[in-house]
Amino acid sequence: MATFLYRLGRFSYRRRWFVALIWVALLTAVGFGASSAGSPPANSFSIPGTEAQKAFDLLDERFPGMHADGGTARVVLRAPDGERMTDPEHKAAAEKVVRELRSGSQVARVVDPYRAKAVSKDGRTVYAQVSYRVSGFELEESSRDELKEAGKHGRDAGLTVEIGGDALQVMPESGASEVIGIAVSAVVLVITFGSLLAAGMPLLTALIGVGIGVSAITALGSALDLSSTTATLATMIGLAVGIDYALFIVSRHRTELAEGREPEDAVGRAVGTAGSAVVFAGLTVVIALAGLAVVDIPLLTKMGFAAAGTVLIAVLIALTMIPALLGFAGRRVLGRKARRGDAPKAADKPNGGTRWARFVLRRPVTVLLAGVIGLGVVAVPAASLELGLPDDGGQPTSTTQRKAYDMLADAFGPGLNGPLLLMVDAKDSDDPQAAVRAVAKAVSRLDDVAAVTPPQFNKAGDTATLTVVPDSEPSSLTTEDLVKEIRGDTRDAAADDGADLMVTGTTAMNIDVSQKLNDALLPYLGLVVGLAFLLLILVFRSILVPLKAALGFLLSVVAALGAVVAVFQWGWLGDLFGVEQTGPIMSMMPIFLVGVVFGLAMDYEVFLVTRMREAFVHGERPAQAVVTGFRHGARVVTAAAVIMISVFAGFIGSDESMVKMIGFGLAVAVAFDAFVVRMTIVPAVLALLGGKAWWLPRWLDRVLPQVDVEGEGLRKHLGDAPAGTADDVAGASDDAADAAGVPAGGADVPAQAGAQAGAPDGASASHDAPAAAAPAAAPRRDEESDPEYSRT
């Protein structure tokens, strides 16, 4: 693979005008398609296989025009202190509001509060229930304006009017956060590269990739039923990986230039080595995103596949357009000092990555225990994780939705904010009405039931609906237990009378979604981690390194969930992060966290550890390889992580609790995984394992295809020796060759020497050979003085 990518990089470099024009033409074409496409379809949030969804579907069949799963709004009206809503002037104002609500273009029906006896005991508060023919997300903006205007007329009459329900629910705007993330990315890239030209390349290519991906989603929206929200995840992930992939290739190209190579050759080598890591890192992200199909929620499946497609575009752009842009830049991609030859040599002053790697290698046990115990402590709150979907009770206290929620809870009890809709299918019953009355009577006797409305039959008289108002708030475990009880013993009793009882409504749907996501988490985790584990075995040609990568990822995800629970469920540091209301964690959070963070975590793992393996395969001792990997990779991995943390942290400032929670969770997960797991635990484990880290059974080595991520085959193809490095830990393989009398450039000689010396039984000689050959070499002075080398 490295040889193919080397040729691809050189081709893109030589034909840079052609490659650049191809990508620009593609962006223009999909942009034109997006501009000429119709409006994207509204979000369709159906949950196949759940009881709540089955009940909705049957209600549409038995009650035509009911629109049971349509959007709803509750307009709450309250009279001033000392007055009542039954007073003639206030009642007239409320009835006027109801008439205006009924005139809405998408309104299915409006329940008059006085006819429905929706008046509080003190007479100060009433509410009108509005039902729409379409879901809350599908409402036109004009319908929301009509709803708000009706409330304004009530306020003009001296009433307090607040509006709740999902009719006002809109997808949060994230444009400002993306701009902040891009600005921070630009600053970090300039600091990392010390060159505006080099810093601009990852940003430019990432934006082009996202532009192509999002435009394609928009253009195909109607044909594939891709809603506007499908592009949200694609944008987030596309920016993240697009910047990361370009960052690593540009960084490797600068390293090759600094070692004296010609620009075209440097581009080819950068794409052949770092580009190989990009390909496999991209595949792990694609696996994580496409694996969302396991959840069997159509919206998540479409979001996953759309984001996966954007990642593939980011990989292709990194492999082709980045070399083309590097061709335009020439040596200007280096900073001025580097071009003049004034830049300090790494041998004169080891960089931060080298110093950190040496520190970890001197104290691997202490560092490993500190990292694992620290993340373990942060993960403790995850044991108390409670899942649910957000409702108006989680909105900021300044919003009209939250005010309406609190008014209803104070006047009628918290359960009115999340009533349950019961559907009784008595088609097979001898006496449908008696069967329905028996169900209503049984439900009214249950604990946590505040009220049960009289049954409403369809025209055929064989199906009825009942509304059950719990005593507890919608997101509470008590309400969830009530739903389970109705679906248990009460349903069994109804079945004895020949009736089928199902529970639906927004609250029941939220419970079903949470359960479905919870049930899918372990299969999804197993699929993603399992496939990625096999892929990483292919990349690293090792068993222990992929196993360590997977276990480290699980540790960082659980720690991130623990931090989310502590802040958003327990309220710790809630004021610092603007958390006004604690409650259950959003049901999608764990699976979303796994999918997004796994992809980014494996990016960092592949980019950092492949450089270590490359050094090891080219003759360095295990400890030397760790230091070399950090010397070349720590700076860019740190930059990539800081960029991602900044992008995600920008969402913490959102007023939407859901967006705030996602931003916080992703930011801390990336921080834990990049800085604690990849930069701390990984080198500590590799230091303890030594050469055994790269062990692979001989039979498996023969079975696995050679993908040559480390570029060994490329070096043989080019006929050169392992490239020298400028750091004090590099060049050991050349010194070893000189000391042993081996001709320089014999890349396969150390492997032969290792085989003659006797590789461990059952192990791959090609992987253990460098360690076996090293003792034949005279140690360098820095190897004798640095204690970390003596361990391996």
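I count a residue as buried under 20% relative accessible area, as exposed over 50%, and as partly exposed in between, with a 1.4 Å probe and protein chains only. Helices (H or I, at least four residues) and strands (E, at least two) are DSSP runs, numbered from the N terminus.

**Ground rules.** The model is predicted, and I kept to its limits: local features need pLDDT of at least 70, side-chain atom pairs count only at pLDDT 80 or more, and totals for chains, interfaces and linings use all residues. Residues are numbered from 1 along each chain as its sequence is written, and side-chain values use heavy atoms, with hydrogens and water left out.

**Entry 1, whole chain.** I looked up the totals for the protein chain and found 29 helices and 11 strands. Of the 792 residues, 56% are buried. The accessible surface is about 31,800 Å² (Shrake-Rupley method, 1.4 Å probe; for residues, only the protein chains shown count as cover). Carbon and sulfur atoms hold 58% of that surface. For contacts I took heavy atoms within 4.5 Å. Among contacts with a separation of 6 or more, 79% are between residues 24 or more positions apart.

**Entry 2, strand β1 and its partners.** How many residues of β1 are buried? I found 7 of the 7, so the strand is largely enclosed by the rest of the structure. β1 covers residues 72-78. T72, R74, V76 and R78 point one way from the strand, while A73, V75 and L77 point the other way. For pairing I required that DSSP find at least two bridges between two strands. β1 runs antiparallel to β3, with 7 bridges, and antiparallel to β4, with 5 bridges. R74 has a bridge partner on each of these strands: Q129 in β3 and G164 in β4. I also noted T160 in β4 as the bridge partner of R78. β4 (residues 160-164) is mostly covered, with 4 of its 5 residues buried.

**Entry 3, Q401.** I placed Q401 in helix α15, which spans residues 400-412. Q401 counts as buried because its relative accessibility is 14%. Leaving aside neighbours within four places in sequence, I found Q401 in contact with I163, G164, L168, D392 and Q395. Of these, G164 is the β4 residue already listed as a bridge partner of R74.

**Entry 4, cores.** I defined a nonpolar core as a set of buried Ala, Val, Leu, Ile, Met, Phe, Trp, Tyr and Cys residues joined through side-chain atoms within 4.5 Å. Which members of the largest core touch the most other members? They are Y245, F553 and F648, in a core of 182 residues. Another core, of 25 residues, lies apart from it and includes A73, L77, V126 and Y132. I then listed the contacts of F553 beyond four places in sequence, among them L525, V529, V594, V597 and F598. The list for F553 also includes D673 and R678.

**Entry 5, helix α17.** Helix α17 (residues 477-496) has 20 residues and reaches 29 Å from its first C-alpha to its last. The expected span is 28 Å, taken as 1.5 Å times one less than the number of residues, and the value found is close to it. Where does α17 bend? I found a bend of about 40° at T490, as the angle between axes fitted to the seven residues ending there and the seven starting there. T490 is buried, and the buried residues of α17 also include T479, L482, I486 and A494. Just after the helix, G498 takes a positive phi of about 80°.

**Entry 6, positive phi outside glycine.** Most residues other than glycine have a negative phi. I therefore checked two residues, and D448, not a glycine, has a positive phi of about 70°. D448 is in the loop between α16 (432-444) and β7 (449-452), and is buried at a relative accessible area of 14%. R541, also not a glycine, has a positive phi of about 50°. R541 lies in the loop between α18 (506-540) and α19 (544-569), and is buried at 2%.

**Entry 7, E140.** Is E140 buried or partly exposed? E140 counts as partly exposed because its relative accessibility is 43%. I located E140 in the loop between β3 (125-132) and α5 (141-156). E140 and S105 are 35 residues apart along the chain, with 9.4 Å between their C-alpha atoms.
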